[in-house]
Structures are given as structure tokens and as C-alpha cells.
2 protein chains.
Amino acid sequence: MEHWLTKRASLSPNAIAVETIDNGTWTFADLYDASIVFAKKLYTTSKTNKHIGILSTNSIEMIVAFFACTYLHKPVVFLNARLTQEELAIQCASADIDSVLYSDTCEALTLTLPVPCYAFSTIKQLKETNIRLDETIALDDICSMMFTSGTTGKAKAVMHTYDNHWASAIASALNLGISSTDKWLVCLPIFHIGGLSTVIKSMIYGMPILLVEKFDETIVHQAIMERNVSIVSVVAVTCSRLLNKITNETYPSTFRCMLLGGGPAPKALLDKAANYHVPIIQTYGMTETSSQIVTLNHADAIRKLGSAGKALFSAEVRVNAQRPKEVGEILVKGPMVSKGYYKQPEATERAQMDGWFRTGDLGYIDEEGFLYVVDRRSDLIISGGENIYPAEIENILLAIPGVEEAGVVGVDDAQWGKVPVAFIVTSTHVKEEELLQFCHQRLAKFKIPKHIFFTDTLPRNATNKLQRHKLMERLP
Amino acid sequence: MEHWLTKRASLSPNAIAVETIDNGTWTFADLYDASIVFAKKLYTTSKTNKHIGILSTNSIEMIVAFFACTYLHKPVVFLNARLTQEELAIQCASADIDSVLYSDTCEALTLTLPVPCYAFSTIKQLKETNIRLDETIALDDICSMMFTSGTTGKAKAVMHTYDNHWASAIASALNLGISSTDKWLVCLPIFHIGGLSTVIKSMIYGMPILLVEKFDETIVHQAIMERNVSIVSVVAVTCSRLLNKITNETYPSTFRCMLLGGGPAPKALLDKAANYHVPIIQTYGMTETSSQIVTLNHADAIRKLGSAGKALFSAEVRVNAQRPKEVGEILVKGPMVSKGYYKQPEATERAQMDGWFRTGDLGYIDEEGFLYVVDRRSDLIISGGENIYPAEIENILLAIPGVEEAGVVGVDDAQWGKVPVAFIVTSTHVKEEELLQFCHQRLAKFKIPKHIFFTDTLPRNATNKLQRHKLMERLP
């Protein structure tokens, strides 16, 4: 298949591909030209068969760098700009990254990385090599990877093929439609699937995106009110902040969808959105499903409050249970579901069941076929749209001399939805201050426990596995 | 993958799937229920592994019968209701049809067919069998077949897989968009790809179609003016008749696209449409490409008058020539292109070139990448949207005692675009009246030569192949 950007630049060269908040605009022809030039410059720095890491907050340069890598047929590993250098170093090694491209905003994070790192601006100053790029894509090839982790806490790189991204974009289009007047505001990080999937939709649909470096409710609210935005993707916490910006006005009629994902939506939030006539479409999905896979349409939003909806066209969802409405593990299937985790055959195998992907989430399906997610993975802490895996924090705490046992759970937080807190068992006296300092050096800020409770023992089951739900009962 | 109708009936059970001109409406749930019941009744009559023929003018029963066959995993061979019994009998044999389902309007055509034929109404009276239907589809399976023929005149059944239909529907959506207010008027026969592809789009998009039994300009015009139709597919002759119905009024603003295919569009017609502000989108495609594959958007309609446009997203077009703008055979590629002709490996092989499908049409591509079709297959006669293959008529004429040679070409006709005329060389005296009577028994009415010219010799090349373009020069 022809590369999607090549094809789009041929079909709609003068259509706007990307707008930025400072009124920069790039047409598809601009984006194509810049990506081809960047690829020809990048070629000299990345000649191995390994992967290229991209470490950046949202920017046009990040998008150009990504497309350039695709023209070189090098899978891109998107690195989370909120991680520590230590976390990033581990990801570089486990995802076979040979070099990292970064934005100026992320320079400090690259100082001790164990691979060559190049600022986007550095690549731009190189000479173009005289190579002929192969402007086709093979749908089965890996396009990109992103790290996620199961409850074991070990980070796993989810592989996304071109076909995964294609199927996701098409399934979304069959749900939301495609209008020639659409403009999708991207305020989710592109290094998360919610952001990246919209960049890919832009190419496939020929749709402009309005790119915001990071979520800021004042900027996003103003953009919705004044810049003909038709769709925006949000998580519960950013949705809530946006609704708080609404006073007497209503959104323009061109605004047709606030796509709400990244975790369960509180009823109060949905009620508030309904009061303001904000058309919420709730979605359920994860990195492994290349973004949304189950969606509750606006028409059913009130009638089926609390439901995640039905599987998109070409996708399927079922619950591993004996009887209707019984709670069980949620299983999904479809061409947008990742083939697995990079170089982790065991984790990949564990996530499969008879051709279905095991989400690890619990839920049930009602008599009309609507999915209800009961628990967004039993132990996962979602804080401001970021997934926090308790075991990862526990592993850090357990590395501290004197810490014998550690258990992390999430507690409700008015601002972030959930924040992590830790229970530890120590053998010697350890100061809370020292524990936190240790964490600060190794964990992104949002993963640092907000409280540490010292205790004598942690609840465990017969096979000695930590019972986190029992820890929850101990919270003050 | 879940069967598309099963999936659509689950996602949008109460949305309108089909409206008829007499105000009948069927929701997707209705269509699904009716198709499942019909399948369970049909099961007893069709237990071989062969195929089911459907012989019908456009009707809801025809659509239900088609879907019922897909639930039984039996490929449907769509038979052209304008053919003779003799032509149909040949198609039944060559496409391995074990039974034919027909509408009352086509009953007369079934009287001498060599396979069991059942009226839709007959199947409806049967008892439902107690079987559990497999409501999934395999994308690589053959969904349907339709006959076409090359210039050799031998009818060939084009195989359409589910994936061909899916890719066609998606490529069209990425071009035209999908709006929740769309309603597509279907006045092309469903036994042609232009009609069938819209029935399939309806399921995949969740879009209502307004079904018309056959084209009638008064009915279609009125439907466009009064029934919120947004898209209609036409061929040049029906487009022209529709434009003639416009007096002082303009089409409602909900009408967004007149999709014009089935042959080249005369400039005068496009000019007239522009005058009436009718948004024409020209398309190029054929049965083998599962409907449109190259499209000229409205925005380029005037600037690129006469062009067929560019290949749809996921499709590619090129011309087999040495230099840019040089005329050569048009080659196309993409997931909507048929894998070939049923049980005709040689014809299938002949139509391939390095993974591209040879359309047999001649054209060139301009410096901006727009395709211009110079000749819609060198010898093909398109008459009122129907393909007429000269060799087929020639073969009939050559079967008449006393006819030694025959050559058929198309001549311009104000009403039909083109009509066939024949040149013959006879060895004994043969009356024109007898010739025509012979044709009437064996050919659809639209294929019968409008004139027969008696001559002494036909122009042939060195290898004795008939040179039809030289015949054209002999026309009075």
C-alpha cells in the first residue's frame, strides 16, 4: 500500500493537516515535504535495524520526525516525556532503540541515556542524503511501539502494526462519521495512543488537527469556542476542568463530539456535561487496542449511563462468564488489537485466550449487549489519565535497604481521580523522607506515593500473593 | 469478523436501513430478522456446495435473499434481469449455480432454466429449519459474483470477496465522508456492482438507502426534491434525464453528491450540471474493481474537466507507458480489485501484470497525477449504462447459416449514448429480418444491432484479427 502521507499529499495537497495554537498551519503537502527531507537527513544517524525512540511533547517537529521514521521503515518507540532518565534508559534497552530523537523541551531527560540522542533541530542541520525512499507500507509491519505494563509492574512495549492503526482509524470513522468540516483538537500526548491515533486519523481522513503542546483548560476551551473545533479527546480529569470553564455560553454548533476515554467516567461528570449540552461519547480502550474499541454513543449516553457501550464495527467484545450479566474478564477481538508485546512472548501468550485479547479488566454485558466495566483492571491506578501500575512503585520501594514488603493502592483524589499511596513493612527504622527521595530519583512525579503507611504485615493470599483489595480496607 | 448485518443490527437496531418509494421502511433489526428467517427457510432448498443465483429487479426481497445466502455462506451469483433465458442458462452452468431465486417480475425468464428456480414468495412459505447459523464472515471468502466479459465476448463471472466489498465501502467513505444525515438513493440495478455496492455500504455505514425498482426520472427527481436524499449514483444517460427535469428549482441543500460512473461523461453534461449547481462527482471503475476506484472530486470538476480523477485512498492507478502524459493501458491496484474470474484461470492471468489489474482501457496521467481515460476499452459499447461486448453479438450472428463474417461497433445515440450496429459478410442471401429475429431469440433487447450493413469484406490485421476501429470509418 502507498504510504498514507504520500497518498494523502497526492489527494489533498492543499488541505490543512496541522494547525498549532499560535496559528501555524501545515498542509498535507508541507507535512509530506518536511517528512521526506527529515528522513533523508535522518538516514545517516540511524543505519542499524533497531528502532528509533522519540521523546517529545506535542509539536509539529515530533509529527514530522515520526513520519520520517516511517519513510525509513524504522519502527518508532514513543517515550513518555514524564518518565525519569532511569525509566527511559530501561525502555531504550528493552525496546532495542538505537537512537533517540528529542524536542528541546525534553533535552534534560536525554543527558544520561545509553544511546545517541539527537535534538530535532540537530537533524535538521544535517545534509540530505541522496537516497530514494520506498514510499510504500506493508500493513503487517510494525509502525510504532508504546510502553505499558501489566500488574507485574514490568514495562512492556506494545507493538502497533500499520494495520492496527488503519483498522482503528476506520472503526472510529464508522462510529463518528467523517465530515469535511471536521477539526480534531489534540491535547492528549502523542506519546500515548490517544494522541497518536488522531495524528494517524488526520492522514487517513484528510482531516486537520489542532495541536496543543499539553492540556491547558484555558487554551483548549478558547480553541473550542473560537476555532471551529469539531472533536476533542479528553480523559475524565481534563473533561471536568473544561466543563468548569463553561459559564453562560454553549459550545458552537460545529463542535460535535467530546470523546471521553482513559478510565471510568463519574456519573456527576456526565450529568454536568448533559446540563451544558456537551455531546460526550464515552469510550473504552487501551494501548493494546490502538485506542478506542468499545464506545457508548451520545444517543445512549443517558439511558445507558455508566456503560462503556458496544464494540466498534469490526471489533468484538465479550465477557468470560457463564451467565448473562455475570461479571468476568473483558475480552476483545478485532484488527486493531495489537499482536503483542515486543520480545515478550510469555506476556503476549498470557494476554491471549482462544484468539481473544484478555484486557485484565472486569465487567459485564447487559441484555441489550452494552458493556459495563466494573473495575478498570483490578489494581491499576489511573491518575489524571496516566496509568500507574502499583507493582512498579512497589518494586522501587522494595529496593530500599530496610524495606521488607510494599503494597501500593490508589485513593480517590478530587483533582487527579486517583493518586497512589503505599503500605510498607520495614525491618529497620527508615525515614519517610528518605523513601520519598529515593522514589523521586527513579519515578515520574505522578507515580510517587502521596502517603506512606508503616505497618507490621501485608494481606496475602494462600499463594502469598499480595491482596491489594484488602489493603484498601485499611485506608483511613 | 462478525457478519456485517449482525453487527449493524446490534449497533443500530432501530436505524432505517431501507426505504422504498411507496414509503415502506425497514430498520436494520427488521432486515436482520427477515434475513435470518429467510436463511432458515432457504436452507432446505440449497444444500450443495454450489452457488445461488438471484434474478430480480431491485426490491427489499432481493436484498433479504442476498443476505440470507451470505448467512448460509453460499456465494450469490447476480443475474442480469435484462438477459434472455438462453444467456441466463449459460451463466447458470458456467457459475455452478444450483438454484435460482427470483422475483415475480422475472418469473418468465426462469421457465426454461436448467436448475431449480424458486420465487422469493415460495421460499417464504417454507418452514424454518432448526439450524444455528454461523453469523461470522471470512474476509477472503467469495461473497458474490457478477458476469462481465472481455472483448472476446465470453461471459466471465467476476468474484467479489467480502474483503473486496469492505475495501470498496471504506475507500468510498474516505472520499465522500460519512454523515449521520446521509441517505443514498439506489436506482442502479443491484445485479450491477453500482447498485450492490450501495446496499453493502448501507450495512457498513449504518446508512439508509432509498430503493427504486428501476430508474425513472420523474420518480428519482421527486425523491431528490422531497425525501432528504443526499447521494445518488447515476450513469451519463440517467444523469442527463435528471437534469432535464430541473426547471427553476435547485436541489435541496441536503443533497450533496451525484456520483456519475459507468462511462465517460460528455462535457456538455458536466457544464449543464454546473449551471444547475448539481454537485457531480465523476468516478471510474468497473465490476472487477467492485465499483469506483478512481474519482474526480467536485472541487476539481471544472479545473480538470474530462479527467476521471485520482485513485481512492488504498487504491493506486498507473498507465503502462514510457513517458508522462503518454497514452497506455490503465492499470489499477488495491484491496477492492477482484482476485479474478470464476474458473477462468487464463482470463484471470491475462488480466494481471506484476500485481496490477489490466483494465483494458486506455488513458494517460497528467503532471498533477490526474487520470484521463481516452477510450473506455477499445471496443466496448456502453449503452444506457449497460456494457455491450461486440464479440458476443458477433458470435450470435456468426451462428446464422450464410453469415461468414460479422463485426459490431457502437454508434452515437442521443438517447443511449451508444447503440450497436453490425457489419456482415454473407455467402448466400440472408434477409435482415431473419437476422434480427434470430438475435431477438438469443440476446437482450439492448444488445440487438440497430442497423445491419451488408458488405463484401471486413478489415482485418496481419494476424487476421478484426480491426473494429476501421469499421467505424465505414459508418455512413
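Contact here means heavy atoms within 4.5 Å. The model is predicted.

**Exercise 1.** State how many residues chain B and chain A each bring to their contact, and how much area is buried between them.

*Solution.* Start with the residues: 23 come from chain B and 23 from chain A. Next take the area, which is about 2,000 Å² between chain B and chain A, with 66% of it from carbon and sulfur atoms. Then look at single residues: B:Leu174, B:Ile178 and B:Phe313 supply 33% of the area that chain B buries against chain A, more than any other three residues.

**Exercise 2.** Describe the polar pairing between the two chains and the make-up of the side of chain B that touches chain A.

*Solution.* Count the pairs: there are 0 salt bridges between chain B and chain A, but 9 residue pairs in polar contact (both at pLDDT 80 or more). Assign the elements: H1 (4-11), H6 (162-176), H7 (193-205) and strand S15 (310-311) of chain B each give at least two residues to this side. H1(B) has the largest share, 5 residues. Sort by type: the side of chain B that touches chain A holds 15 nonpolar, 3 polar and 5 charged residues.

**Exercise 3.** Characterise the interface of domain 1 and domain 3 within chain A.

*Solution.* Set the bounds: domain 1 covers 4-137 and domain 3 covers 381-473 of chain A. Domain 1 gives 6 residues to the contact and domain 3 gives 9. Together the two domains bury about 610 Å², 41% of it on carbon and sulfur atoms. Finish with the charges: 3 salt bridges are counted between these domains. A salt bridge also joins the side chains of A:Glu87 and A:Lys447 (2.8 Å, N to O).

Definitions and conventions. Residues are numbered from 1 along each chain as its sequence is written. Chains are lettered from A and ligands numbered from 1 in the order in which they are written. This is a predicted model: local features need pLDDT of at least 70, side-chain atom pairs count only at pLDDT 80 or more; totals for chains, interfaces and linings use all residues. Side-chain values use heavy atoms; hydrogens and water are left out. Domain bounds come from an automatic or database domain assignment. Buried area is the accessible area (1.4 Å probe) that two parts lose on being put together, summed over both. A salt bridge is a side-chain nitrogen of Lys or Arg within 4 Å of a carboxyl oxygen of Asp or Glu. A polar contact is a pair of N or O atoms within 3.5 Å; within protein, one must be able to donate a hydrogen and the other to accept it, and residues adjacent in sequence count only if both atoms are side-chain atoms. Helices (H or I, at least four residues) and strands (E, at least two) are DSSP runs, numbered from the N terminus. Ala, Val, Leu, Ile, Met, Phe, Trp, Tyr, Cys and Pro count as nonpolar, Asp, Glu, Lys and Arg as charged, and the others, Gly among them, as polar.
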